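Open your viewer, and let's take a short walk through some charged side chains. You only need to select residues as we go.

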Amino acid sequence: MRWPWSSSSTDKEQDSVVSSKEFPITTDWSHYRDPRNIIPIVVLTGSAFVLSTFYRSYLKRIPQAINIEPEFWRKRSLFGQVTSVGDADNFRLFHTPGGRLAGWGLLPWRRVPGTAKELKEKTVHIRLAGIDAPEMAHFGNPAQPFSREAYDFLTSYVLHRRVRAYVHKRDQYDRAVATVYVRRWLLRRDVGLQMLKMGLATVYEAKSGAEYGNREEKYRKAEKWARLKRMGMWGGSKKHYESPRDYKTRTGQAKPTK
């Protein structure tokens with residue numbers, strides 16, 4: 001028996017079922033296939049991808065050598081300011097991607113920190129590729145002749161200057177082995193090559209793992225020229241000469257390279 005007050009509701013439900021069967025609900029996909037809607041979406045997505053890739057490749061700051069991606073080595077360079085010189089063949093670089101074009105040195109939030117505390121874990125340790133400079137005093141061992149001169153030259157040549165480092169690999173000390181260039185009197189100078197010409201470094205010698213950045217021949221010619229001219233460390237007696245590699249081996253500072 002149907003209740004008087006429920007008949008109307010039941011009839012409406014039945015009408016609704018019949019209506020949905022006779023007139024099924026469909027989705028109009030033409031809106032999504034309309035080029036006027038597709039093209040802007042594709043353009044925006046593509047632009048976002050390109051900008052993201054460009055940022056990661058050219059504008060993302062690299063704080064330390066351990067943060068350099070594998071695909072970066074031997075293909076890219078780091079541009080930045082030298083914040084300190086640790087020895088006669090290595091220094092610390094604060095990476096400033098994009099340089100002044102990206103606002104470094106011009107905008108308040110784009111500045112190179114000035115204190116050791118601010119720079120902690122924010123610099124890339126650079127080892128000059130292809131050369132070996134005289135060793136300074138380490139671990140109770142005396143300094144080699146011309147180690148101070150080499151250190152002073154490197155300091156005056158690159159400290160607080162902007163340089164470009166073409167990174168080749170990471171060594172066992174988590175340093176980026178790199179060929180480094182600096183602008184001096186509008187000329188682009190290879191720092192390692194200049195030290196070889198001055199007689200303040202030798203070509204790096206190792207049984208394995210030596211990295212020259214495709215400049216070994218030029219480096220050896222520069223060393224040979226410095227020897228002939230008796231520049232720097234080559235000006236003394238050959239009898240008492242000891243190469244940086246021999247010195248490190250004798251004092252136990254040399255370690256196998258990776």
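A residue is called buried when its relative accessible area is under 20%, exposed when that area is over 50%, and partly exposed in between. Keep in mind that you are looking at a predicted model.

**First stop: one helix.** Select Glu216, which is partly exposed because its relative accessible area is 31%. Now add Arg220, with a relative accessible area of 33%, so Arg220 is partly exposed as well. The two form a salt bridge, with their closest N and O atoms 3.0 Å apart. Both residues sit in helix α7, four residues apart, which is about one turn of the helix.

**Second stop: a link between loops.** Select Glu211 and Arg74, a salt bridge whose closest N and O atoms are 2.8 Å apart. This pair connects distant parts of the chain, 137 residues apart: Glu211 is in the loop between β8 and α7, and Arg74 is in the loop between α3 and β1. Which partner is buried, and which is exposed? Glu211 counts as buried because its relative accessibility is 11%, whereas Arg74, at 54%, is exposed.

**Third stop: a buried pair.** Next, select Asp89 and Arg127, whose side chains meet in a salt bridge at 3.6 Å, N to O. Asp89 lies in the loop between β1 and β2, while Arg127 belongs to strand β3, 38 residues away. Both Asp89 and Arg127 are buried.

**Last stop: a network.** Keep that pair selected and add Asp132, Glu135 and Lys248: together with Asp89 and Arg127, they are linked in a network of salt bridges. If you would like to explore further, the whole structure has 15 salt bridges.

Notes. Residues are numbered from 1 along each chain as its sequence is written. This is a predicted model: local features need pLDDT of at least 70, side-chain atom pairs count only at pLDDT 80 or more; totals for chains, interfaces and linings use all residues. Side-chain values use heavy atoms; hydrogens and water are left out. A salt bridge is a side-chain nitrogen of Lys or Arg within 4 Å of a carboxyl oxygen of Asp or Glu. Helices (H or I, at least four residues) and strands (E, at least two) are DSSP runs, numbered from the N terminus. Buried means under 20% relative accessible area, exposed over 50%, partly exposed in between (1.4 Å probe, protein chains only).
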